[in-house]
Amino acid sequence: MKKLAFLLLPFVLFSCSDHFSTSLKSPKGAVQVKVFENTDGHLAYSMNFKGQPVLLESTLGMELRDHGFVGTDLKLVGVDSTGSKKTWRPLWGEDGVIIDDFRSYVFHFQRPADQLLVDVHFKLYEEGIGFRYEFPQQEGLSEVIIDDERSEFQLTGDHQTWWIPADYDSYEYLYQSHKISEIDSSLVDGSLLAATTIMEKHAVNTPLTMKSEDGLYISIHEANLTDYAGMTLRIEEDKRTLTSSLVPSKLNGWKAKVQAPFHTPWRTIQVGEKAGDLVESKLIVNLNEPNQLENTDWIKPGKYIGIWWEMHLQTSAWDYASGKHGATTAKAKKYIDFAARNGFDGVLVEGWNTGWERWIGFPDREGVFDFVTPYPDYDIREVVAYGKQKGVEIIMHHETSAAPRTYEQQLDTAYALMKDLGIHAVKTGYVGPIIPEGEYHHGQWMVNHYRKVLKKAAESEVMVFAHEPIKATGIRRTYPNMMAREGLRGSEFNSPWGYGNPPEHLTIVPFTRMLGGPIDYTPGIFKLDMNEYKEGAYVPTTLAYQLAEYVVVYSPVQMASDLIEHYEGQAAFQFIKDVPTDWDGSVVVDGEIGEYIVMARLEKGGHDWYLGGLTNENARELTIELDFLQAGVTYEAQIYQDAADADFETNQAAYEITQKTVKLGDELTLKMARGGGVAIRFKAL
Ligand code: NOJ
Ligand code: CA
């Protein structure tokens with residue numbers, strides 16, 4: 001790189017011989033980044049947090065077709081630095097107000113060989129950084145094929161990680177915990193596979209969360225994944241360096257194709273001294289654009305029930321020809337009645353439309369699903385009208401069976417039908433390998449498909465709950481109709497045929513997948529002993545753990561997933577009725593990844609706090625300080641906890657409900673059984 005002198009810049013830039021080096025700081029200085037040219041003439045950066053190294057020298061660059069590698073032989077031609085501190089109010093979320101406080105540094109480079117211009121943009125927050133590549137408008141750069149991106153993250157040691165493999169089609173895995181050097185996708189137990197493809201042996205999907213030997217918690221992910229391929233992280237041979245590796249389009253032989261000017265998504269690194277710091281960080285949403293939707297009256301967080309679990313229990317089926325069709329007019333009305341009686345906002349009806357005879361397992365699934373034609377025993381107009389009378393909305397279901405072209409062909413008619421019926425929510429699904437072959441769920445083509453659907457939904461005033469989605473990267477800020485997505489191994493895996501999610505699962509998910517955003521986990525199974533459906537089958541949690549999921553696993557749209565008859569006569573159902581889905585504040589009271597988590601949240605616009613705690617396969621007794629409660633208020637703590645003999649393997653349903661008067665500063669001892677949990681409503685008196 002060519003030597004360049006800068007004057008009066010709000011950061012330290014010095015150049016010695018032919019190399020430049022610049023030190024950047026977050027607003028209060030906790031995070032420090034050095035951007036420099038290394039001895040090989042390669043653009044590089046490193047990162048510190050409170051004086052401790054987080055990333056050592058890590059090189060940057062992109063592989064562009066026809067333009068070669070962009071990351072060496074660059075001349076620094078200028079740096080723009082700005083700072084901003086603002087607050088914003090999300091339409092819904094974990095917190096009522098979000099602080100967005102950062103310093104931004106844009107490094108402008110030119111490649112002397114061909115005058116190519118590229119900017120590298122860093123944003124520094126107190127709890128981490130984002131950086132991205134930006135290619136400004138310039139001559140000779142229009143359509144650009146990206147063969148890969150090579151952003152390195154050089155770790156300081158052999159960190160403990162919680163990881164899932166870099167499958168290009170699915171995130172539906174149990175998290176594994178290994179040292180970086182041990183990560184190997186062949187360790188994933190074959191019977192637990194999501195039945196699709198793992199493309200690289202030593203690579204992971206993000207968020208990748210780690211703990212360093214000196215006790216720092218670090219997570220690498222991305223923000224604002226727009227018109228680009230999803231990023232996986234490859235572990236290099238040194239077993240210390242992770243390199244970005246984009247999901248390919250095998251069909252086209254590239255990773256992404258973009259139009260200049262363009263920028264990549266943000267590559268994010270979050271850091272904390274406690275595991276909970278990662279969960280409380282707002283870095284991912286802050287790195288997304290503000291809300292673009294003008295009228296948002298129709299976007300409403302809420303709770304729903306559905307004709308759903310019975311298909312997973314296999315007592316009924318999605319398809320009509322099976323002779324045990326679940327989605328009937330009569331059943332939907334029964335669900336609407338139950339929803340109305342118990343204060344639920346919506347009823348999801350799966351299997352209402354034609355096409356289910358040829359979905360999962362059929363290679364040719366194009367042109368099969370029809371998104372406007374109900375089966376003969378389901379009168380959609382009658383059901384929707386009945387719901388309206390009772391103040392309950394029907395949630396539309398669009399399973400695409402990963403045939404997005406078929407869905408796109410019908411988008412106009414499908415969303416016109418919803419508009420006509422006054423339906424404001426859709427659950428989408430993409431089960432199976434993508435058609436056409438050679439495209440993947442996490443590649444650019446599908447990223448664009450998911451966005452197209454989200455925008456179409458926004459135009460049609462429809463909220464989206466996406467299953468088999470692209471990962472969450474904070475898009476909910478820009479399109480707040482993106483309510484929740486699956487994108488993890490959801491509770492469907494707890495069906496009698498689904499291998500089970502061990503209790504440890506949800507002690508890891510908050511610190512990994514949940515850093516991306518809201519999760520449609522579908523909690524609330526009360527009939528945990530499933531012997532009557534399959535001999536020996538059970539859901540591996542206690543009932544109190546199921547209640548805790550409503551607080552721990554954040555979503556603005558929570559489902560009470562069990563059959564409605566399983567809630568009848570259950571005192572614990574009161575907690576599901578009470579618990580809100582929109583919050584003014586959220587704190588991680590305590591937690592250790594893979595061990596346990598305790599979260600507390602303040603209801604939006606109210607005074608009640610809710611607490612959820614859950615543990616792995618070890619029983620636990622924790623004494624917490626109620627330091628989150630409001631001063632001067634007395635609360636009735638309504639405590640739903642495991643009975644003394646509860647156990648996730650042998651006695652799941654044993655719980656007790658007790659009350660206690662508490663106030664700010666009091667201590668409370670939480671007792672959780674093996675695979676158990678605790679749920680508390682702190683009702684302000
Ligand atoms: C998989 C989804 O995760 C599940 O919730 C849904 O019931 C089935 N696909 C059918 O669409
Ligand atoms: Ca799924």
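**Calcium site, salt bridges and a buried helix**

The six donor atoms around the calcium ion (ligand 2) make angles of 51 to 160°, so the site counts as irregular. Keep in mind that this is a predicted model. Beyond the metal, there are 34 salt bridges to look at, plus a helix 9 that is largely enclosed by the rest of the structure.

**Calcium site**
- Glu172, Glu468, Glu486 and Glu492 coordinate the calcium ion (ligand 2) through OE atoms, at 2.2 to 2.6 Å, with Glu486 listed twice.
- Along the chain, the donors are spaced as E-x295-E-x17-E-x5-E.
- Glu468 sits in the loop between strand 28 and strand 29, and Glu486 in the loop between strand 29 and helix 8, so this pair ties together parts 18 residues apart in sequence.
- Glu468 is buried at 14% relative accessibility, and Glu486 is buried too, at 1%.

**Salt bridges**
- Lys50 pairs with Glu273, with 3.1 Å between the closest N and O atoms. Both residues lie in loops, and the pair ties together parts that are 223 residues apart in sequence.
- Glu382 meets Lys333 at 2.6 Å, N to O. That links helix 5 with helix 4, 49 residues apart. Glu382 is partly exposed at 35%, as is Lys333 at 22%.
- Arg620 and Glu595 come together at 3.1 Å, N to O. Here Arg620 is buried at 17%, whereas Glu595 is partly exposed at 31%.
- Glu149, Glu222, Arg267 and Lys471 join up in a salt-bridge network.

**Helix 9**
- Ten of the ten residues in helix 9 (residues 543-552) are buried. Among them are Tyr545, Gln546, Glu549 and Tyr550.

Methods:
Residues are numbered from 1 along each chain as its sequence is written. Chains are lettered from A and ligands numbered from 1 in the order in which they are written. This is a predicted model: local features need pLDDT of at least 70, side-chain atom pairs count only at pLDDT 80 or more; totals for chains, interfaces and linings use all residues. Side-chain values use heavy atoms; hydrogens and water are left out. Buried means under 20% relative accessible area, exposed over 50%, partly exposed in between (1.4 Å probe, protein chains only). Helices (H or I, at least four residues) and strands (E, at least two) are DSSP runs, numbered from the N terminus. Donors are N, O and S atoms within 2.8 Å of the metal (3.2 Å for Na, K and Ca); water is not among the atoms, so sites may look incomplete. Four donors count as tetrahedral if all angles lie between 85 and 135 degrees; four count as square planar and six as octahedral if opposite donors are over 155 degrees apart and all others between 65 and 115; anything else is irregular. A salt bridge is a side-chain nitrogen of Lys or Arg within 4 Å of a carboxyl oxygen of Asp or Glu.
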